[in-house]
Amino acid sequence: MPIADVDGVPLAYDDLGAGPVVVLLHAGIADRSMWVEQNAALSRTHRVLAVDLPGYGESGVPERSYANHDLVVGLLDALDIGAATWVGCSFGGSVAL
């Protein structure tokens with residue numbers, strides 16, 4: 001499980017498959033593990049990033065104010081990903097929007 005330092009915040013994520021990028025953002029009562037079954041299916045044809053948002057799963061908690069969407073964009077930048085489809089469930093959907 002990789003962890004990227006994004007603007008001082010450790011973000012845990014899964015990086016699976018190859019192809020067009022899909023970012024999966026979890027619900028507020030979960031972490032990236034909620035996407036295990038979707039990871040398996042999507043990674044056959046896509047590069048899938050399932051991210052633990054700050055304070056969830058194995059990601060750190062920032063000590064300053066932050067915007068979840070900015071940190072996800074920072075992760076994409078760190079991984080040199082210029083475009084992605086964002087998919088979110090509940091809280092993750094609001095981050096994607």
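This report describes the sheet, cores and selected residue contacts of a predicted model.

## Sheet

The sheet is open and built from five strands, ordered S1-S2-S4-S3-S5, with mixed pairing. S1 and S5 are the edge strands, each pairing on one side only. From one strand to the next the twist averages 30 degrees.

S1 and S2 run antiparallel and are joined by four bridges. Within this pairing, alanine 4 of S1 stands opposite leucine 11 in S2. The two strands form a hairpin with two residues between them, and aspartate 7 in the turn has a positive phi of about 55 degrees. S2 is also joined to S4 by four bridges, again in an antiparallel arrangement.

## Faces of S1

In a regular strand, side chains alternate between the two faces of the sheet. S1 shows an alternation of this kind: Ala4 and Val6 point to one face and are buried, whereas Ile3 and Asp5 point to the other face and are not buried.

## Nonpolar cores

Nonpolar side chains tend to be buried together in soluble globular proteins. In this model, the largest nonpolar core has 17 residues, and the members touching the most others are Val23, Leu25, Leu49 and Leu75. S1, S2, S3, S4 and H2 each supply at least two residues of this core. H2 gives the most, with four residues. Another core, of five residues, lies apart from it and includes Val22, Leu24, Trp35 and Ala50.

Leucine 25 is one of the highly connected members of the largest core. Leaving out residues up to four places away in sequence, leucine 25 touches Trp35, Val51, Leu53, Val72, Trp86, Val87, Gly88, Cys89, Gly92, Val95 and Ala96.

## Helix H2

H2 spans residues 68-78. Its buried residues are Asn68, Leu71, Val72, Gly74, Leu75 and Leu76. The cover over these buried residues includes S1 (3-6), S2 (9-16), S3 (21-25), S4, S5 (85-88) and H3. Among the buried residues of H2, Leu75 is also one of the residues that touch the most other members of the largest core. After H2 comes aspartate 80, with a positive phi near 60 degrees.

## Aspartate 15

Aspartate 15 is located in strand S2. Is this residue buried, partly exposed or exposed? Its relative accessible area is 31%, so aspartate 15 counts as partly exposed. Across the S2-S4 pairing, aspartate 15 stands opposite leucine 49 in S4.

With residues up to four places away in sequence not counted, aspartate 15 touches Arg47, Val48 and Leu49. The side chains of aspartate 15 and arginine 47 are joined by a polar contact of 2.7 Å. Proline 62, by contrast, is 22 Å from aspartate 15, C-alpha to C-alpha, with their positions 47 residues apart in sequence counted as separation.

## Histidine 26

Histidine 26 sits in the loop between S3 and helix H1 (36-42). With a relative accessible area of 0%, histidine 26 is buried. Its side chain reaches the backbone oxygen of alanine 30 at 3.3 Å.

Beyond its neighbours within four places in sequence, histidine 26 is in contact with Asp31, Arg32, Met34, Trp35, Val51, Asp52, Leu53, Tyr56, Cys89, Phe91 and Gly92. Tyr56 and Phe91, both in this list, are also the two members of the aromatic pair described next.

## Aromatic pair

The model has one aromatic pair. The pair consists of tyrosine 56 and phenylalanine 91 and is tilted, with 5.9 Å from centre to centre and 35 degrees between the planes. Tyrosine 56 lies in the loop between S4 (47-51) and H2, and phenylalanine 91 lies in H3 (residues 91-96), so the pair ties together parts that are 35 residues apart in sequence.

Tyrosine 56 is partly exposed, at 24% relative accessibility. Phenylalanine 91 is also partly exposed, and its relative accessible area is 26%.

## Valine 36

Valine 36 belongs to helix H1. A relative accessible area of 52% makes valine 36 exposed. Valine 36 and alanine 50 are 8.9 Å apart in space, C-alpha to C-alpha, and 14 residues apart in sequence. Ala50 is among the residues of the five-residue core.

Terms used: Residues are numbered from 1 along each chain as its sequence is written. This is a predicted model: local features need pLDDT of at least 70, side-chain atom pairs count only at pLDDT 80 or more; totals for chains, interfaces and linings use all residues. Side-chain values use heavy atoms; hydrogens and water are left out. Rings of Phe, Tyr and Trp (its six-membered ring) pair if their centres lie within 6.5 Å; planes under 30 degrees apart count as stacked, over 60 as edge-to-face and the rest as tilted. Buried means under 20% relative accessible area, exposed over 50%, partly exposed in between (1.4 Å probe, protein chains only). Contact means heavy atoms within 4.5 Å. Two strands pair if DSSP finds at least two bridges between them. A nonpolar core is a set of buried Ala, Val, Leu, Ile, Met, Phe, Trp, Tyr and Cys residues joined through side-chain atoms within 4.5 Å. Axes are lines fitted to C-alpha atoms, for helices over the stretch in contact, and angles run from 0 to 180 degrees between N-to-C directions. A polar contact is a pair of N or O atoms within 3.5 Å; within protein, one must be able to donate a hydrogen and the other to accept it, and residues adjacent in sequence count only if both atoms are side-chain atoms.
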